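Visitor: I've got a few "how do you know that" questions about this one. Could you show it to me before we start?

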Amino acid sequence: MAGVTFSRQGEIGIATVDNPPVNALSQAVRAGLADAVRMAEADSEIRALVLICAGRTFIAGADIREFGGPMQPPLINNLVFDLERTNKPLIAAIHGTALGGGLEVAMACHFRVATEQARFGLPEVKLGILPGAGGTQRLPRLVGVETALTMITEGGDIPAPKAKAIGLIDEIVGGDLLQGAIAFVERLLEEGWPIRRTGELPVAAVDPAIFDEFKKKLAKRQRGFLAPQACVDAVRFAVDYPLEEGCEREYALCLELMRGPQSKAQRHAFFAEREVAKIPGFSPEIQARPVNSVGVVGPGAMGTGIAISFLNAGYPVVIVGLDQPSLDKSLATMRKILGGAVAKGAMTEEGLEAKLALVTLSTHFEALSEVDLVVEAVFEDMAAKIQVFTKLGQVTRLGAILATNTSYLDIDILAEASGRPADVVGMHFFNPANVMRLLENVRGAKTAPDVIATVMKIGKAIGKVSVLVGISDGFVGNRMLSKRSREAMFLLEEGATPWQIDKVLVDFGFAMGPYQVSDLAGIDVQYAARQARWGILTEREHQANIVDQLYRLGRYGQKTGAGYYAYDDKRNAAPDPFVEDLIVRHSAARGIARRAIGDGEIRERLLYAMINEGAKILEEGVAARPHDIDVIWLMGFGFPAYLGGPMFLADQIGLKTIHDALLKYEARVGPEFFKPSALLARLALEGKGFYSA
Ligand code: CAA
């Protein structure tokens, strides 16, 4: 029985799943579990069966790699019935994470015991599917419809004490899990507990209006995603149909989603997120440097968010700023943000104080003399950053890693300023740094391999998804974004309005369009960024100066009540005829004849300009793989997960289609903007995609 071994302790059979790394329910595991149940049934000396897992976790779900192809029997949805129907008590002993199909197997067992640290969830919705092995039918029977709806549609996981409190598990065991489970079984045998089959439990009555309420809420929160809505339908089957029929309907709905494009894209996103942790050509022998303490230079919003990320992971943080008031403000912000976690019950008051006790504030660089890693987060000005790196090179200990949070500037210049270029690297966090999961780690020309290994590792340790990129203007994410922003600006000049462009991107699946983002982030901030990049902008970009005009009018966006849009006192946006008039006059002054521009052209120009830039980024080796680009856009720029990222989407559209469109826009807008990258042109010609290059 590959994947499952059968043993016994006295009258108790033990089925141990051993399928590293996460005990996924591969065909061998499914078959092994079915065999184990049969063996226990056939052996008259065995009175109960414990299902436990070797390694770091309980079954973490179906084997996602098997999705998309034909499944080999036994299917999970049949297996769970085999488990549930067995006539000897079956007990799941859970450690690590019981996720997806793993939790479905556990719920099909008659009893569940777990370690204190175990976690439980049905994350299928994140893969664009729904729990297809009875999860939507059994969970409501154990924990009630509302809790089940929340768990299934959000896809998060809950800790063992909560699982116990809501009735998902029967007991938390301390000490050795197997021995704890056996003690539990001995007790139940001795006391003659009847077998309790989850599927036979009634679903507690519920107001059917709850289903519509959830659907409405999800239509907003998870706009565009099909799976959350289907999850609600599936849970409703548990109320409307007997178990077996509910399971059949659930499975059919799951298969439909699994075969659809959204799930394909979301599965791609799942594996891409893991792929980016592996650096091509990097020897596994390279050891990360130990990091036990961290410094942050610059106590502004970014530095404070970065400090919180490290505090949350338990690192002591020294924050260095120019003056005491800015440091005090940073500490107050930390207290406020971490206090939010206390208010939500996610942290205790003592926990908060313990975290803040890890902070040291100083106006002297010398306070950084002992730290292992410094992240510089001062404002985006080369001269200021050079000063910081010169100083850091002098005060920090040899071997301490010196990272910059710059989003555009050339790291190699800072590396030279430090006098220790091998220790210098980019760690580009995204705002708000304590929330956003993306971390672009930037390798300089002389960055030491073990420094790269360290920042990749530490990114994971602080809950980020680290992507390694090379030096280039705006690295990967902002470099592609700048091409999209450029097209958005040109489209305004040619005939579109800010609200038309925003709507196209919102309909595409972004939370906001570029002009809504400008008004939120501040037109003054955009103006300053544009000034800083003036030297590398083309002549047409210089002249496409609507942002400068708004800036001069003091229309800084939401904060001044007017930007591209007009705002009422509740910050509700409305299209502003004044801005439309300003744009029309701008076009006339530039001699550009405005025309009606279709949404299709807007979408293509915004998206294809980005994809073409992504192709150049690959060509230049700034990103090693299309996965890196997709993860950056999914994690840092709100690219809709159900489209899988720009490069994945490009492959779905077809590179030939994109190439043809680029040629069309090259003729219309200009070769300096739309000339297809050599890589894209070659792949289009060969009928390949970025992922099948
Ligand atoms: N199937 C296949 N491979 C899986 C997998 C799965 N369900 N879960 C994890 N892996 C692989 C990862 O791809 C990774 O492989 P590589 O080392 O080759 O990159 C390896 O296992 C380790 O995974 P992580 O790097 O994610 O390890 P971690 O310790 O950080 O996290 C985990 C462990 C929490 C279990 C995390 O892997 C996870 O969330 N896995 C997915 C869980 C999930 O979505 N389960 C539901 C599956 S769908 C389902 O079950 C459908 C159904 O109802 C029928």
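Visitor: How much space lies in the second largest pocket?

Guide: This is a predicted model, and in it the second largest pocket holds about 310 Å³ of space.

Visitor: What makes a residue part of the lining of that pocket?

Guide: A lining residue has an atom within 4 Å of a point of the pocket. Residues that pass include I308, N312, I337, L338, G340 and A341, and K344, A346, M347, K355, N434 and V435 are also among them. Two elements give two or more residues each to this lining, namely α12 (301-312) and α13 (324-343). Helix α13 gives the most, with four residues.

Visitor: How do the residues of that lining divide into nonpolar, polar and charged?

Guide: Seven are nonpolar, three are polar and two are charged. Gly counts as polar here, so G340 of the lining goes with the polar group.

Visitor: There's a cavity too, I hear. How many cavities of 30 Å³ or more does the count come to?

Guide: One. The largest cavity has about 40 Å³ of space, and the cut-off is 30 Å³.

Visitor: Why is that one called a cavity and not a pocket?

Guide: In a cavity a 1.4 Å probe fits but cannot get out, whereas a pocket is an open set. The cavity is lined by R484, L505, F508, F510, R603, L606, L607 and M610. Helices α19 (498-508) and α25 (599-620) each supply at least two of those residues, and α25 gives the most, with four. By type, the lining has six nonpolar residues, no polar ones and two charged ones.

Visitor: Let's do the sheets. What makes β1 and β9 edge strands?

Guide: Look at the strand order, which is β1-β2-β3-β4-β6-β9 in an open sheet of six strands with mixed pairing. β1 (4-9) and β9 (171-172) each have a single partner strand, so one side of each has no neighbour in the sheet. Helix α1 (residues 27-42) packs on this sheet, touching β1, β2 (12-17) and β3 (48-53), and its direction makes about 30° with that of β1.

Visitor: How do you know that β4 and β6 count as a pair?

Guide: Pairing takes at least two bridges. Strand β4 (residues 90-94) and strand β6 (residues 111-114) have four bridges, in the parallel sense, so by that cut-off they pair. For one of the residues involved, I94, the bridge partner in β6 is A114.

Visitor: And which strands stand at the edges of the eight-stranded sheet?

Guide: That open sheet runs β12-β11-β10-β13-β14-β15-β16-β17, again with mixed pairing. β12 (359-362) and β17 stand at its edges with a single partner strand each, so one side of each is left free of a neighbour in the sheet. On average, neighbouring strands are turned by 25° against each other, ignoring direction. Helix α13 packs on the sheet as well, touching β11 (317-320) and β12, at about 160° to the direction of β12. Helix α15 (residues 382-395) lies across β10 (294-297), β13 (373-376), β14 (401-404) and β15, running at about 170° to β14.

Visitor: What joins β16 to β17?

Guide: Six bridges, with the two strands running parallel. L439 stands opposite S466 in β17.

Visitor: Any odd backbone spots? What makes the bond between P20 and P21 a cis peptide bond?

Guide: Its omega is about 0°. P21 sits in the loop between β2 and α1. Another cis peptide bond joins N431 and P432, with omega about -10°, and P432 is in the loop between β15 (424-429) and β16 (438-443). Most peptide bonds are trans, so cis ones are worth pointing out.

Visitor: What is the phi of F475?

Guide: It's positive, about 55°, although F475 is not a glycine. F475 lies in the loop between β17 (465-470) and α18 (477-494).

Visitor: Last one. Which residues is F225 in contact with, leaving aside its neighbours within four places in sequence?

Guide: Contact means heavy atoms within 4.5 Å, and on that basis F225 touches Q262, Q266, A641 and Y642. F225 itself is in the loop between α8 (209-221) and α9 (227-240).

Methods. Residues numbered from 1 in each chain as written. Predicted model: local features only at pLDDT ≥ 70, side-chain atom pairs only at ≥ 80, totals over all residues. Heavy atoms only, no water. 1 Å grid on protein atoms, 1.4 Å probe; cavity = no way out; pocket = protein on both sides within 12 Å on 5 of 7 lines; lining within 4 Å. Points joined across faces, edges and corners; volume = space filled by probe spheres on them. Axes fitted to C-alpha atoms, helices over the stretch in contact; angles between N-to-C directions.
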